[in-house]
Amino acid sequence: LAEIEDHLRCNLAQRVKLNQEQTQDPHAAIIYSIILEDRLATIVQLPGLPLSLQTTRIQQKETERILTHLTDAILKKNRPEVVIEDASTVYQWLVEPAEKAILEGKADIRTLVFVADGLLKAVPPAVLYDEQQQQYLVEKEQYAIAVLPSLQLFQQQRLSREGLRALKAGLSEQPVIPNRPNIPAIPYVQVELDETDAIVPGQRLLNATFTKAALKQQVMQSSLDLVHLATHGEFSSDPEGTFILAHDQEIYGAELDGLLRATTNRTLASLKLLILSACRTATGDSRATLGLAGITTRAGASSTLATLWQVNDAATADLVKAFYQEMVKPNVSLAEALHRAQLTLVKQVRYRHNHYIWAPYVLVGSWL
């Protein structure tokens, strides 16, 4: 929580209820990781059961070497066995203690929630690998996955699927920003917005109509449940390095927060879901997920779906469409919707060991 306050440069004490029981889903296991100088601690919290602790004796430098090697291997699209070796080690650190606690506690767990420390924040849990079962964590159909920088920061509230009020904005063409002349177009954004409009219709801003002023106007005029931004952007542990691109200019973190809160300041309802489908976290910034958490918190959103690195355009359109299709089904949580959407990619032979394609999608905040 202190990390988030430091990132946002504000005091959250008035907004955050430090009561874990109020925020805990009866079917969620919370997995905390703590990197210490001479060991790595994994604490597992199950509903109604005492905390369990597993300690792995390993020097911090070695822990960080393995984590850096893993993320580099994914980003460089190395051979699957290179990723699997390190992903198996991290699985043993984090997931095996949870599976042991779940088995011993006979708990009915459907979501694994990772509250990660240090460089672990940059590792997407979906890619962790169970060597015995020879499957990635995302392939375990009994578990959905969510990520939190702080459990206490986000109230768990279910998104009502009835009559969703949505605003979607995106760039399928190259923007015209003078100081960013080489920003590429994202052609499949048009496909992504068209296909999701068929599932959850709403207001749309595309290409030249997606300006900062137009975004502000749409938000001010509407009470929104869902805002979907399909555009270039970057999230950094430095608030000044967090931005998205409109057609005509950058919208930096604090400005974006203010724009999105414009609707929540005048209605009792708050923004429930923010989708950032073509953005990424800053390369080499192990605390960059704080940028995502910061946007989510300051905008008043309950949940954010985003990516940890720049993603494949066509695959993203497929995944986001599948996410919408699952999200609107009765009794399907947001975490489960993302899980099923990722599986649509993983189950394709050409993608299964292409971790770069399907691993970066994370759900930050409420997973219900």
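**Cavities, cores and loops**

The second largest cavity has a volume of about 90 Å³. The model that holds this cavity is predicted. Lining the cavity are 14 residues. I145, L338, Q342, Y361 and V362 lie nearest its centre. The elements that give two or more residues to this lining are β7 (144-148), α10 (334-346) and β17 (361-365). By class, the lining of the second largest cavity divides into 12 nonpolar, 2 polar and no charged residues.

Step back to the whole protein. A search of the structure finds 4 cavities of 30 Å³ or more. The largest has a volume of about 130 Å³. Its lining counts 17 residues, and F114, A116, L120, V123 and P125 lie nearest the centre. β1 (28-35), α4 (80-105) and β4 (111-115) are the elements that give two or more residues to the lining of this largest cavity. Here the classes are 14 nonpolar, 2 polar and 1 charged.

P125 deserves a stop. P125 sits in the loop between β4 and β5. Is P125 buried or exposed? P125 has a relative accessible area of 7%. The cut-off for buried is under 20%, so P125 counts as buried. Leaving out residues up to four places away in sequence, P125 touches F114, L137, I145 and V147. Two of these names have come up already. F114 is among the residues nearest the centre of the largest cavity, and I145 is among those nearest the centre of the second largest. P125 and V113 are 12 residues apart in sequence, with 9.4 Å between their C-alpha atoms.

Now the overall framework. The protein has 368 residues, and 57% of them count as buried. Its secondary structure comes to 11 helices and 17 strands. Take the contacts with a separation of 6 or more: residues 24 or more positions apart account for 74% of them.

Next, the nonpolar cores. The largest has 84 residues. Within this core, L94, L112, F323, M327 and W358 touch the most other members. Which element gives the largest share of this core? α4 does, with 12 residues. W358 touches A126, V127, Y136, V138, Q342, L345, V346, Y351 and R352, not counting residues up to four places away in sequence. Q342 in that list also lies among the residues nearest the centre of the second largest cavity. A second, separate core has 29 residues, including A169, F210, L229 and C279.

F210 leads on to H247. H247 is found in the loop between β12 (243-245) and β13 (250-252). Not counting residues up to four places away in sequence, H247 touches L171, Q174, P175, V176, I177, N207, A208 and F210. Its relative accessible area is 12%, so H247 is buried.

Back to α4. Where is this helix kinked? The kink is centred on Q92 and comes to about 45°. Q92 is also a contact of E131, and S88 is another, with residues up to four places away in sequence left out. E131 lies in the loop between β5 (129-130) and β6 (135-136). E131 and Q92 are 39 residues apart in sequence. In space, their C-alpha atoms are 9.2 Å apart.

The last stop is backbone geometry. Most residues other than glycine have a negative phi. Some residues here take a positive value. K106, just after α4, has a positive phi of about 50°. Q134 has a positive phi near 55°. Q134 is in the loop between β5 and β6, the loop that also holds E131. Q134 has a relative accessible area of 55%. The cut-off for exposed is over 50%, so Q134 counts as exposed. N331 also has a positive phi, near 65°. The place of N331 is in the loop between α9 (313-327) and α10. With 74% relative accessibility, N331 is exposed as well.

How values were computed. Residues are numbered from 1 along each chain as its sequence is written. This is a predicted model: local features need pLDDT of at least 70, side-chain atom pairs count only at pLDDT 80 or more; totals for chains, interfaces and linings use all residues. Side-chain values use heavy atoms; hydrogens and water are left out. Helices (H or I, at least four residues) and strands (E, at least two) are DSSP runs, numbered from the N terminus. Buried means under 20% relative accessible area, exposed over 50%, partly exposed in between (1.4 Å probe, protein chains only). Contact means heavy atoms within 4.5 Å. On a 1 Å grid over the protein atoms alone, a cavity is a set of points where a 1.4 Å probe fits but cannot get out, and a pocket is an open set with protein on both sides within 12 Å along at least five of seven lines; lining residues have an atom within 4 Å of a point. Grid points are joined across faces, edges and corners, and a volume is the space filled by probe spheres set on the points. Ala, Val, Leu, Ile, Met, Phe, Trp, Tyr, Cys and Pro count as nonpolar, Asp, Glu, Lys and Arg as charged, and the others, Gly among them, as polar. A nonpolar core is a set of buried Ala, Val, Leu, Ile, Met, Phe, Trp, Tyr and Cys residues joined through side-chain atoms within 4.5 Å. The bend at a residue is the angle between axes fitted to the seven residues ending there and the seven starting there.
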